[in-house]
Amino acid sequence: QALMLVLLAVGVTNGEFFAIADVKGAFLYAPLLASEVIYCFPPKGYHDHEKFGGGGKVLKLKRALYGIAQAPRRWFEHLVKIFIKHGLKPTVVDPCLFVLRGEKDFIIKCGTHVDDFLFSTNNWERFITWVDGVNKDISFSRFDSLNKGVDYMSLWLTYDRVKNYLQISQNDYIKTALKMFGLEHLKGSSTPLSTCVKFTRADMPQVIDITTKDLFQGMMCVARCIKPITCPAATFAVSYLRSFLQTPAPKP
């Protein structure tokens, strides 16, 4: 997310256009290496399909599937090849940041997070032509411009290019998380963590309740997503509480 924030900040400063995109079933595009021999059973309900010889067969994978260890790496390697084919090259600063510098000062910058993409460009018409070419190799299941409010990786982005104005909000994400944890009726606090709060090993339970542990870890996962973007003041509180991920005390 830090890369995305830098990309947004630079783009807003330069008055660039933004677009977000993602690829559905991204890992399925990625071919496995010849040395990676992986077999799997046919999907449920297809064990006796005529293509599998009437049953008793296993399948040899040619492409990555969700759940296998190699899938993320193979997908990224495949994505890099596709982007390079279309002129978008990874940078030395960050391999997840790609840049295209075309003729007549045409520029495209792209930040990637698995199958989510944030694009910025200084020429929208030429950019759309470029996207049409990429779509022939990997199909974007979602493609939206930032000239309206859009949801992107737990962020609600509202952009006005003319006014060089960008608003980043996580209100909807936070409200959804609070409702999921049954905390939607709690009142807000003026500080992330009370100054008198201090935990020690003696405060931690000897027998860990799995339900409490899973709930606490889920809360900390949400807090970690919120902290660096819209609530940096909670950095210490989140870091401190995350040190008790394995031994959270039960609710008082």
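**Exercise 1. Determine which residue in E5 stands opposite Lys 89, and place the pair in its sheet.**

Solution. Lys 89 stands opposite Val 99 in E5. The model is predicted, with pLDDT of at least 70 needed for local features and 80 or more for side-chain atom pairs, while totals for chains, interfaces and linings use all residues. Residues are numbered from 1 along each chain as its sequence is written, and side-chain values use heavy atoms, without hydrogens and water.

Step 1. E4 and strand E5 (residues 97-101) run antiparallel and are joined by 2 bridges. Strands (E, at least two residues) and helices (H or I, at least four) are DSSP runs numbered from the N terminus; two strands pair if DSSP finds at least two bridges between them.

Step 2. The strand order of this open sheet of 6 strands is E4-E5-E6-E7-E1-E8, and the pairing is antiparallel. Strand E4 (89-90) and strand E8 (142-145) are the edges; each has a single partner strand, so one side of each is left without a neighbour in the sheet.

Step 3. H1 packs on the sheet and touches E1, E5, strand E6 (107-113) and strand E7 (116-121), its direction making about 160 degrees with that of E6. Contact means heavy atoms within 4.5 Å. Angles run from 0 to 180 degrees between N-to-C directions, and axes are lines fitted to C-alpha atoms, for helices over the stretch in contact.

Step 4. Helix H3 (residues 124-134) lies across E1, E5, E6, E7 and E8, at about 180 degrees to E8.

**Exercise 2. Describe the open sheet of 3 strands and its turns.**

Solution. Step 1. The order is E9-E10-E11, with antiparallel pairing. Strand E9 (150-152) and strand E11 (165-169) are the edge strands, each pairing on one side only. On average, neighbouring strands of this sheet are turned by 30 degrees against each other, direction ignored.

Step 2. Between E9 and strand E10 (residues 155-160) there are 3 bridges in the antiparallel sense, and Tyr 152 is opposite Leu 155 in E10. Met 153, in the loop between E9 and E10, has a positive phi of about 50 degrees although it is not a glycine. Ser 154 is found in the loop between E9 and E10; its phi is also positive, about 75 degrees, and it is not a glycine. Most residues other than glycine have a negative phi.

Step 3. E10 and E11 run antiparallel, joined by 5 bridges, and the bridge partner of Asp 160 in E11 is Tyr 165. The two strands form a hairpin with 4 residues between them, and Asn 164 in the turn has a positive phi of about 50 degrees.

Step 4. Helix H1 (residues 2-13) lies across E9, E10 and E11, at about 155 degrees to E11.

**Exercise 3. Classify the packing of H4 and H5 from their crossing angle.**

Solution. Step 1. The axes of helix H4 (residues 171-180) and helix H5 (residues 210-230) come within 11 Å and cross at roughly 165 degrees.

Step 2. H4 and H5 are therefore roughly antiparallel to each other; the classes are roughly parallel under 35 degrees, roughly antiparallel over 145, roughly perpendicular from 65 to 115, and oblique for the rest.

Step 3. Tyr 173, Ile 174 and Ala 177 in H4 meet Val 222, Cys 225 and Ile 226 in H5.
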